[in-house]
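Reader: Before we discuss this structure, could you set it out, so that I can put my questions about its sites and contacts one at a time?

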Amino acid sequence: MNAPLFGFDNSYARLPEHFYARLSPTPVADPRIIRVNQDLAVSLNLDPDFLRSPEGAQVLAGNKLPADSEPLAMAYAGFQFGGWSPQLGDGRAILLGEVVDGGGVRRDVQLKGSGRTPFSRNGDGRAALGPILREYIVSEAMHALGVPTTRALAAVTTGENVRREVLQPGAVLTRVARSHIRVGTFQFFAGRQDLDALRTLADHVIDRHYPHAREYERPCLAMLESVIDAQAALVAQWKLIGFIHGVMNTDNTSVSGETIDYGPCAFMDTYDPNTVYSSIDQQGRYAYSNQAPIAHWNLAGLAQTLIPLIDENSEKAVELAQDLINTFPQKFETAYNVGAAKKLGLGTVQQDDAVLMTELLGTMADQDADFTLVFRGLSSLANQSSDEDDAVRALFKDGSAFDQWVDRWRERLAAESSDAVKRCVDMQLVNPAFIPRNHRIEQAIRAAEDHNDFSLFEKLHTVLTQPFADQPQACEYQKPPRPEEVVQATFCGT
Ligand code: AMP
Ligand code: MG
């Protein structure tokens, strides 16, 4: 029997049949709700009470389908750690359908962990509870931090185990995205030299994400420019909050500019630009400081697929695309510098501000300072005299290096016209007090997996809904890990 209507309007399912495989999720033994995202459900015109009900759990586990669902697994390809994989696709995800939200934005509703598909290769089509909780916590935290991201509508346990290194409880995440179209989706068709499909996909992406591109002589070029802008802004935001995606393959790069596919992602504690969390990233390809160059590389891959759509004269098309791709480093730099100035409480961007930021980061790296706590601490200092520096100074192994920097910062602040109280408030709005610290996520996962105790998950999630607010009752969640709490490796979890 079908579940109630979700109000789906399925534009991807109207695209040609070779864009996807139509199939239903594989039912699971015993779906139980972990969490339903009340506010997100309401914004999508979905009934949160229904979603939380036993029948809702059946839908969120893929055991029952809404009557207007047209379930499908999307085809895509991708460069994984630089190597070409011509055939990836949703190996463990199924798009249930699309809803148009209260703001008129179309959003995919997708199950992740919903069983095998024709794209599963050797995988089991399932997801383990740990990675599902991680994605729920981090994606919702990113949203609260103001970073474009896929959202988590719900998580359920399946009542089944999945085999990874060891047996683990299984779970399904309901993920919401502006779309699940990736750079790798374009590469799928380019790899097959399927020009008609590329054209159809580009038209779909323009209609869906970048309708203004139609007004240009070369809409595909304008679309490429928009994707470049979106990725430059996105990766700058990641860098400014200390986020490391971990698997920036082209199949994990959304053309809408949302953060997508939370695998071995994590936030830095101590500032170190070479930080890598993913245990499979031996070369540091996706290290913190490599994320902008990698995004640039991924976008060049997208541009390559669009060459035949940009101009009949391929030399001309390559030139136009290349010129555009060359703008990425500067766009990223600008977005980053504007954000960095805000983090430092500067209302204007002056020539030497980038140096001020670089010097602070260099000192933090040398002195093992915590990225998040330093910037949050500076926010308070912006409103205080130097007697109050001690708390921030204490974050540096050798405080004298900080003293030198803070003098220069104060000189620079003196050139600002804004008043100190407002500066402090503005800084607190961009320098979070709370991030999803990796050890807290691990603790929440351990309690859930080992003791069926979701209270730590709930607590962590709740704290992270207001990352910029001082929450004195939750100050433990601000702290970096004690040495014995440091998470050694974050696995891909697939
Ligand atoms: P990811 O590294 O999670 O972005 O996944 C890369 C590719 O592997 C995608 O095509 C996924 O759908 C697929 N995949 C990952 N995990 C599984 C799994 N457990 N079963 C089937 N396919 C999977
Ligand atoms: Mg992926």
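**Ligands, salt bridges and backbone**

Author: In this predicted model, a polar side-chain atom of asparagine 252 and an oxygen atom of ligand 1 are 3.0 Å apart, where a polar contact is a pair of N or O atoms within 3.5 Å; within protein, one must be able to donate a hydrogen and the other to accept it, and residues adjacent in sequence count only if both atoms are side-chain atoms. Residues are numbered from 1 along each chain as its sequence is written, and chains are lettered from A and ligands numbered from 1 in the order in which they are written. Local features need pLDDT of at least 70, side-chain atom pairs count only at pLDDT 80 or more, totals for chains, interfaces and linings use all residues, and side-chain values use heavy atoms, with hydrogens and water left out.

Reader: How far does a polar side-chain atom of aspartate 261 lie from an oxygen atom of ligand 1?

Author: Arginine 126 offers a polar backbone atom 3.2 Å from a nitrogen atom of ligand 1. For aspartate 261 the contact is made by a polar side-chain atom, and its distance from an oxygen atom of ligand 1 is 3.4 Å.

Reader: What percentage of the area that ligand 1 exposes when taken alone does the protein bury?

Author: There are 18 residues around ligand 1, and Gly89, Gly91, Arg121, Gly125 and Asn252 come nearest, a residue being near if one of its heavy atoms lies within 4 Å. By class the shell has two nonpolar, eight polar and eight charged residues, where Ala, Val, Leu, Ile, Met, Phe, Trp, Tyr, Cys and Pro count as nonpolar, Asp, Glu, Lys and Arg as charged, and the others, Gly among them, as polar. A polar side-chain atom of aspartate 261 is 3.4 Å from an oxygen atom of ligand 1. Taken alone, ligand 1 exposes 480 Å² (Shrake-Rupley method, 1.4 Å probe), and the share of this that the protein buries is 87%.

Reader: Which residues are the protein donors of the magnesium ion, ligand 2?

Author: Donors are N, O and S atoms within 2.8 Å of the metal (3.2 Å for Na, K and Ca), and since water is not among the atoms, sites may look incomplete. Both protein donor residues are buried, that is, under 20% relative accessible area, with exposed meaning over 50% and partly exposed in between (1.4 Å probe, protein chains only). Lying 1.9 to 2.1 Å from the magnesium ion, the donors are Asn252 (OD1) and Asp261 (OD).

Reader: Which residue forms a salt bridge with aspartate 261?

Author: A salt bridge is a side-chain nitrogen of Lys or Arg within 4 Å of a carboxyl oxygen of Asp or Glu, and here the closest N and O atoms are 2.7 Å apart, the partner being arginine 175. The pair links distant parts of the chain, 86 residues apart, with aspartate 261 in the loop between β11 (243–244) and β12 (266–267) and its partner in strand β10 (residues 167–177); helices (H or I, at least four residues) and strands (E, at least two) are DSSP runs, numbered from the N terminus. Both partners are buried, and the residue asked for is arginine 175.

Reader: How many residues apart are arginine 208 and glutamate 98?

Author: Their side chains meet in a salt bridge at 4.0 Å, N to O. Arginine 208 belongs to helix α6 (residues 195–209) and glutamate 98 to strand β6 (residues 93–100), so that the pair links distant parts of the chain. Arginine 208 is buried at 14% relative accessibility, and glutamate 98 is buried at 1%. The separation between arginine 208 and glutamate 98 is 110 residues.

Reader: Is glutamate 484 buried or exposed?

Author: Glutamate 484 forms a salt bridge with arginine 482, with 2.9 Å between the closest N and O atoms. Arginine 482 is partly exposed, at 47% relative accessible area. Glutamate 484 has 59% relative accessibility and therefore counts as exposed.

Reader: What is the approximate phi of asparagine 45, which is not a glycine?

Author: Asparagine 45 sits in the loop between α1 (38–43) and α2 (48–52), and it is exposed, with a relative accessible area of 59%. Arginine 121, in the loop between β7 (106–112) and β8 (127–128), also has a positive phi, near 50°. For asparagine 45 the phi is positive and about 60°.
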